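Student: Could you take me through the ligand and its surroundings, slowly? I'd like one close look at that part.

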Amino acid sequence: MQGEDQPNAVQRGGFDPHTVFAKILGGELPATFVYRDELVAAFLDIQPITPGHTLVVPLVKAASLAELPPATGARMFTVAQRVGAALRGSGLACEGVNLFLADGVAAGQTVFHLHLHVFPRYADDGFRWKLPERYYQPPPRADIEAAGERIRAALEGQRPG
Ligand code: 5GP
């Protein structure tokens, strides 16, 4: 029987099985694994923002958030929490932790097998978010309310889940 965390036909059709992460998960390419269970794995990023930068990756072939089974997404967050705590207790420089997920090219996604970045932060680690100029001139309250209204309507239009 196909369970919630098995890829369905749409997921299989929309997924490029030749991503580097698929190869890592399948053992074709090496990686430094720190965790694996029946839904997700975690291994170290080959180009870390800071030492210990870890990627939490679903075993299911989901390229995007839309394709990710909710139970797997929940497990990704649970494992990211654990990895964050492990980073803080690891002896690596870690005064804080960032989680980051890129869903789509415009969001900065480069590997189309979804993944949650977990990386240590510390003073003068060199990492900065570059914010647009408009950030420093917040919009009128009505604009924020209008955006909220659109999102509420879209949420109401979703099927339960
Ligand atoms: P994205 O830009 O899609 O959010 O993140 C992709 C991440 O995958 C980058 O941080 C990049 O360094 C990492 N990455 C790309 N290729 C490899 C690889 O072959 N092995 C590992 N461990 N990480 C990789």
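Tutor: Start with Leu44: one of its backbone N or O atoms lies 2.9 Å from a nitrogen atom of the ligand. Keep in mind that this is a predicted model. Now look for Thr110, where a backbone N or O atom lies 2.7 Å from an oxygen atom of the ligand. His115 does things with its side chain: a polar atom there lies 2.9 Å from an oxygen atom of the ligand. How much of the ligand's accessible area does the protein cover? On its own the ligand has 520 Å² of accessible area, and the protein covers 81% of that.

Okay, let's widen the view. There are 16 residues around the ligand, and Leu44, Asp45, Thr110, His115 and His117 come nearest. Sorted by class, this shell has nine nonpolar residues, six polar ones and one charged one. Helix 2 (20–25) and strand 2 (40–44) each supply at least two residues of the shell. The largest share, three residues, comes from helix 2.

So where does the ligand sit? You'll find the ligand in the largest pocket. That pocket has a volume of about 470 Å³. It is lined by 26 residues, and the closest to its centre are Phe21, Asp45, Leu55, Val111 and His117. The elements giving two or more residues to this lining are helix 2, strand 2 and strand 5 (116–121). Helix 2 gives the most, with three residues. As for class, the pocket lining divides into 18 nonpolar residues, seven polar and one charged.

Now put the two views together. Asp45 and His117 are among the residues that come nearest to the ligand, and Asp45 and His117 also turn up among those closest to the pocket's centre. Helix 2 is worth tracing with your finger as well: it gives the largest share of the shell around the ligand, and it gives the most to the pocket lining.

Conventions:
Residues are numbered from 1 along each chain as its sequence is written. This is a predicted model: local features need pLDDT of at least 70, side-chain atom pairs count only at pLDDT 80 or more; totals for chains, interfaces and linings use all residues. Side-chain values use heavy atoms; hydrogens and water are left out. A residue is near a molecule or strand if one of its heavy atoms lies within 4 Å of it. A polar contact is a pair of N or O atoms within 3.5 Å; within protein, one must be able to donate a hydrogen and the other to accept it, and residues adjacent in sequence count only if both atoms are side-chain atoms. Accessible areas come from the Shrake-Rupley method with a 1.4 Å probe; for residues, only the protein chains shown count as cover. On a 1 Å grid over the protein atoms alone, a cavity is a set of points where a 1.4 Å probe fits but cannot get out, and a pocket is an open set with protein on both sides within 12 Å along at least five of seven lines; lining residues have an atom within 4 Å of a point. A molecule sits in a cavity or pocket if more than half of its atoms lie within 2 Å of its grid points. Helices (H or I, at least four residues) and strands (E, at least two) are DSSP runs, numbered from the N terminus. Ala, Val, Leu, Ile, Met, Phe, Trp, Tyr, Cys and Pro count as nonpolar, Asp, Glu, Lys and Arg as charged, and the others, Gly among them, as polar. Grid points are joined across faces, edges and corners, and a volume is the space filled by probe spheres set on the points.
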